[in-house]
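Here are some notes for a colleague at the bench, set out as numbered points to be read alongside the coordinates.

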Amino acid sequence: MDTTVAGDVASPLALLGAKCVGAIGGSVISIAYLLPEGRREAATRFLIGLATGLVFGGPAGLLLADHLGFGQALGATETAVMGSAAASLSAWWALGALGRFADGLFRQRRRGGQP
């Protein structure tokens, strides 16, 4: 058990749960902004968003809380949820945008466009 800066006690299981909730939430929210073209793209982007949220959720949450100036007011679980959601949302956007950009480049080449 760790005591956080805000004074609450957070177990590792609670932090993992918070990261999962944030990562899933970030992936689901981003569906409204950048719809997937099919099931495979949706599954791939969801899993990458989940993995990104779990791996980078803690550091992203600390960075965001520090940047926004309310790091002392949040507990570890809130910071983990916030960071995981932000990292997951960013991964969805980056993967979706890069995939569509690459698809547009390769589609143009298949049609006989400039190499």
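1. Which residues of α2 are buried? In this predicted model, the buried residues of α2 are Arg45, Gly49, Thr52, Gly53, Gly57, Gly58, Ala60, Gly61 and Ala65.

2. The course of α2 deserves attention, since a kink of about 60° lies at Phe56, shortly before the proline Pro59. Although α2 has 30 residues, its end C-alpha atoms are only 36 Å apart, which falls short of the 44 Å that a straight helix would reach at 1.5 Å a residue. Just after α2, Gly69 takes a positive phi of about 85°.

3. Thr79, which is found in helix α3, touches Gly57, Gly61, Leu62 and Leu74, with residues up to four places away in sequence left out of the count. Two of these partners, Gly57 and Gly61, are themselves among the buried residues of α2. Thr79 counts as buried because its relative accessible area is 8%, and the cut-off for buried is under 20%.

4. The second largest pocket has a volume of about 190 Å³, and the elements that give two or more residues to its lining are α2 (39–68) and α3 (76–110). Of the 10 residues that line this pocket, Glu41, Arg45, Leu95, Gly99 and Arg100 lie nearest its centre; Arg45 also appears among the buried residues of α2.

5. As for the make-up of that lining, α3 gives the most to it, with 5 residues. By character, the lining residues of the second largest pocket divide into 6 charged, 3 polar and 1 nonpolar.

Conventions
Residues are numbered from 1 along each chain as its sequence is written. This is a predicted model: local features need pLDDT of at least 70, side-chain atom pairs count only at pLDDT 80 or more; totals for chains, interfaces and linings use all residues. Side-chain values use heavy atoms; hydrogens and water are left out. On a 1 Å grid over the protein atoms alone, a cavity is a set of points where a 1.4 Å probe fits but cannot get out, and a pocket is an open set with protein on both sides within 12 Å along at least five of seven lines; lining residues have an atom within 4 Å of a point. Grid points are joined across faces, edges and corners, and a volume is the space filled by probe spheres set on the points. Helices (H or I, at least four residues) and strands (E, at least two) are DSSP runs, numbered from the N terminus. Ala, Val, Leu, Ile, Met, Phe, Trp, Tyr, Cys and Pro count as nonpolar, Asp, Glu, Lys and Arg as charged, and the others, Gly among them, as polar. The expected span of a helix is 1.5 Å times one less than its number of residues. The bend at a residue is the angle between axes fitted to the seven residues ending there and the seven starting there. Buried means under 20% relative accessible area, exposed over 50%, partly exposed in between (1.4 Å probe, protein chains only). Contact means heavy atoms within 4.5 Å.
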